[in-house]
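Colleague: Please take me through one part of this model in close detail. Pick a strand pairing, then work outwards from there to the rings, the pockets and the other strands.

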Amino acid sequence: MELGDDNLDAVIKLVREHTGIAMNENKRVLLQGRLLPRMRALGLSSYEDYIAHLRRGGDEVSSFINSVTTNDSAFFRTPAVWWYLNDEFLADWHERKGATPLRIWSAAAATGEEAYSMSMLCLEFQRQHPAFRFSIDATDISSQALDAARGATYRGRTVERFELTRPALFRRYLSGGPDRYSVAPEVRQHVTFGGHNLLAPAPRREHYDLVLLRNVLIYFDEDNQQRILGQIRGAMRADARLILGEQESITRLNTPFEFEQAHVYRIAGGQA
């Protein structure tokens, strides 16, 4: 069933209303493929009926958000980011802050691989520096992705790549197999998952020392990118660091951040 122009426009507006994500007519086939299963589940025979049903609110809004959002993640994605965090950020933090707990926010955490990777990295650092303490808040707009993250059980390509690239960490922190692997309890205990829309203020009042906001800004237009970055800034300490994805740059935007090195930004005027 083809999603006609009028209905496509209505769906795109609903995507923006509920998620802030900017889509265009090039997403027609993607939206068709993701909405048809919802229509069948609800017993609806037309996009018009589905749009009307969605506009009435209720539980379908969450299902709609789950359907139209992309939750792509992987363990230790983009090696340069993890080299920076391990070789520079954690060592510098511990030298300056000592036993003060490091607070980390994995925003748009998808199915949890990034947050668990961060926890593993911190646990490895803690082996060498027993006084080091940390906690990780991981958030996402998709309830479906969060359920998968809390389950902490993985299979397929994300597991295969992890085992290939970091075999020692894989053996230490994942168990099971051959088709399903679970993240160790010592990794999970440092991570708290919760729902959050990036256009809203941070879900917790405390300020973070490190924010991971990777490979998500590309889905928003410039106005909402700046709005999101403003919310992120409000949740960060003055000397905190922001980590972005490999396809993202914010230097063209009017934001409170300044470039430090590839993928890494600091608050303008904050501690270098």
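Modeller: Start with Y154, which stands opposite Y181 in β5. This is a predicted model, and everything below is computed from it. The two strands involved are β3 and β5 (residues 181-183), and they pair in the antiparallel sense over two bridges.

That pairing belongs to an open sheet of three strands. The order is β3-β5-β4, and the pairing is antiparallel. β3 (153-154) and β4 (174-176) stand at the edges, each with a single partner strand, so each has one side without a neighbour in the sheet. As a general point, strands of a sheet pair through backbone hydrogen bonds, either parallel or antiparallel.

Now the rings. Both Y154 and Y181 belong to a cluster linked by ring pairs. The other members are F75, F76, W82, Y116, F162, F170 and F193. Over the whole structure, a search finds 14 aromatic pairs. One of them joins F76 and W82. The geometry is edge-to-face, with 5.1 Å centre to centre and 70 degrees between the planes. F76 and W82 are both buried. F76 also has a charge over its ring: the charged end of R166 sits there, 4.2 Å from the ring centre.

F76 leads on to a pocket. The second largest pocket holds about 240 Å³ of space. Its lining has 15 residues, and the closest to the pocket centre are F75, F76, R77, T78 and R161. Two elements, α5 (79-97) and α8 (157-165), give two or more residues to this lining. The largest share, five residues, comes from α8. By class, the lining divides into six nonpolar, four polar and five charged residues. F75 and F76 therefore appear twice in this account: in the ring cluster and among the residues closest to the centre of this pocket.

The largest pocket comes next. Its volume is about 640 Å³. It is lined by 34 residues, and T70, N71, N215, V216 and Y219 are the closest to its centre. The lining has 17 nonpolar, ten polar and seven charged residues.

N215 deserves a closer look. It is found in the loop between β7 (208-213) and α11 (222-234). N215 has a positive phi of about 60 degrees, although it is not a glycine. Its relative accessibility is 13%, under the 20% limit, so N215 counts as buried.

Compare A108, another residue with positive phi. A108 has a phi of about 55 degrees and is not a glycine either. This residue is found in the loop between β1 (102-106) and α6 (113-128). A108 is partly exposed, with a relative accessible area of 22%.

From the loop that holds N215, step back to β7. Five bridges join β7 to β8, and the two run parallel. L213 has L244 as its bridge partner in β8. Seven of the nine residues of β8 are buried, so β8 is largely enclosed by the rest of the structure.

β8 has a further partner. β8 (residues 236-244) and β10 (residues 264-267) pair in the antiparallel sense over three bridges. Here L242 has Y265 as its bridge partner in β10. β10 in turn pairs with β9 (residues 257-261), again in the antiparallel sense, over four bridges. In that pairing, Q261 is matched with V264 in β10. β9 and β10 form a hairpin with two residues between them. H263 lies in the turn and has a positive phi of about 80 degrees.

One last residue, S135, has its place in β2 (residues 134-140). S135 is partly exposed, with a relative accessible area of 28%. S135 and A145 are ten residues apart in sequence, and their C-alpha atoms are 20 Å apart in space.

To go back over the starting point: Y154 and Y181 are opposite each other across β3 and β5. Both are also members of the ring cluster that includes F76. F76 is buried, carries the charged end of R166 over its ring, and is among the residues closest to the centre of the second largest pocket.

Technical notes. Residues are numbered from 1 along each chain as its sequence is written. This is a predicted model: local features need pLDDT of at least 70, side-chain atom pairs count only at pLDDT 80 or more; totals for chains, interfaces and linings use all residues. Side-chain values use heavy atoms; hydrogens and water are left out. On a 1 Å grid over the protein atoms alone, a cavity is a set of points where a 1.4 Å probe fits but cannot get out, and a pocket is an open set with protein on both sides within 12 Å along at least five of seven lines; lining residues have an atom within 4 Å of a point. Grid points are joined across faces, edges and corners, and a volume is the space filled by probe spheres set on the points. Ala, Val, Leu, Ile, Met, Phe, Trp, Tyr, Cys and Pro count as nonpolar, Asp, Glu, Lys and Arg as charged, and the others, Gly among them, as polar. Two strands pair if DSSP finds at least two bridges between them. Rings of Phe, Tyr and Trp (its six-membered ring) pair if their centres lie within 6.5 Å; planes under 30 degrees apart count as stacked, over 60 as edge-to-face and the rest as tilted. Buried means under 20% relative accessible area, exposed over 50%, partly exposed in between (1.4 Å probe, protein chains only). A charge sits over a ring if NZ of Lys or CZ of Arg is within 6 Å of the ring centre and within 35 degrees of the ring normal.
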